[in-house]
Amino acid sequence: MIVAMGLMLTSASAQMSSTTEQAAPSRPAAKPVKPAAKSSGGYFIEFRAARIGIYGHSYVAYGRLDRLGNPETTTYADRHPMGNYAIMALGHFVPVPANTEWDPEVLDLPIAHKYRVKLNETQYSNLLAAVKRANENNSYWNAVTNNCNHYVGQLAEAIGLRVPGAFHLSMGFIPDLQEMNEAVAPPMTSPTPSTKPSKKKSDIAATLTTETNAVGR
């Protein structure tokens, strides 16, 4: 009898466990959480004029903006003569070897003027293509015909900006570039004073007649 009762209890316990397992609803597997997409504030190019010597030096900084509008990545580009100051002096008269490899020491120069422009994706793609073309066609440097302003101007034209004549001092070229492309608010016009409608000749004649009659009385 004890053995039979033990078997009955074991069987009943197994049935209750099976019933509990069947009654418990199965939970769906949790889906993996995808990382939030990194937001971007677009792209930019900043035209700069650095103070050095008499002329100054033009170069650009460009890259991606974060969602707050601050530079997230920055690349620099310019054209300058290859070699020392003697080569640069010679380049005022004849073409000399040019260089577009960025020199980090340029960033130590004080900035006389800078002009930043926000770019969309298409403009940024055009800019990258223009930088590549300008660097590949970097045959020579000359103070008159192929200087840093010419290089910067090519990049500005690639994104749709109007460009002043490149025969500028760099410290004047960048401000002129900004002035040519920034929208200028129309001048405030003073309100036109209201004028009273003039009287007709018949009204004037009637008034004179009335005043004359009044005097005669």
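## Leu128 and its surroundings

Let's start with one residue: Leu128 is found in helix α3, which covers residues 121–136. This is a predicted model, so keep that in mind throughout. Leu128 counts as partly exposed because its relative accessible area is 39%, and the partly exposed class runs between 20% and 50%.

Now hop along the chain to Ile159. Leu128 and Ile159 are separated by 31 residues in sequence, and their C-alpha atoms are 9.9 Å apart in space.

## The chain overall

Zooming out, the protein chain has six helices and six strands. In sequence order, the pattern reads α-β-β-β-β-α-β-β-α-α-α-α.

How much of the protein chain is buried? Of its 217 residues, 28% are buried. The accessible surface adds up to about 15500 Å², with 59% of that belonging to carbon and sulfur atoms. As for contacts between residues at least 6 apart in sequence, 61% join residues at least 24 apart.

## Strand β1 and its partners

Strand β1, residues 43–50, is mostly covered, with eight of its eight residues buried. In a regular strand, side chains alternate between the two faces of the sheet. Here, Tyr43, Ile45, Phe47 and Ala49 point one way from β1, while Phe44, Glu46, Arg48 and Ala50 point the other way. The residues on both sides are all buried, and that goes for Glu46 and Arg48 too.

Which strands does β1 pair with? One is β2 (residues 57–64), which runs antiparallel to β1 and is joined to it by eight bridges. Within that pairing, Ala50 has His57 in β2 as its bridge partner. The two strands form a hairpin with six residues between them, and Gly53 in the turn has a positive phi of about 60°.

The other is β6 (residues 111–119), also paired with β1 in the antiparallel sense, over eight bridges. In this pairing, Arg48 of β1 stands opposite Lys114 in β6.

## A nonpolar patch on the surface

Back to the outside of the model. Which residues form a nonpolar patch on the surface? They are Ile54, Tyr55 and Leu169, and together they have about 330 Å² of accessible area.

Leu169 sits in the loop between α4 (148–158) and α5 (170–181). Is Leu169 buried or partly exposed? Its relative accessible area is 44%, so Leu169 is partly exposed. That value also clears the patch cut-off, because patch residues need over 30% relative accessible area.

Key:
Residues are numbered from 1 along each chain as its sequence is written. This is a predicted model: local features need pLDDT of at least 70, side-chain atom pairs count only at pLDDT 80 or more; totals for chains, interfaces and linings use all residues. Side-chain values use heavy atoms; hydrogens and water are left out. Helices (H or I, at least four residues) and strands (E, at least two) are DSSP runs, numbered from the N terminus. Buried means under 20% relative accessible area, exposed over 50%, partly exposed in between (1.4 Å probe, protein chains only). Contact means heavy atoms within 4.5 Å. Accessible areas come from the Shrake-Rupley method with a 1.4 Å probe; for residues, only the protein chains shown count as cover. Patches are made of residues with over 30% relative accessible area and no salt bridge: like charges are joined within 9 Å, nonpolar side chains (Val, Leu, Ile, Met, Phe, Trp, Tyr) within 5 Å. A salt bridge is a side-chain nitrogen of Lys or Arg within 4 Å of a carboxyl oxygen of Asp or Glu. Two strands pair if DSSP finds at least two bridges between them.
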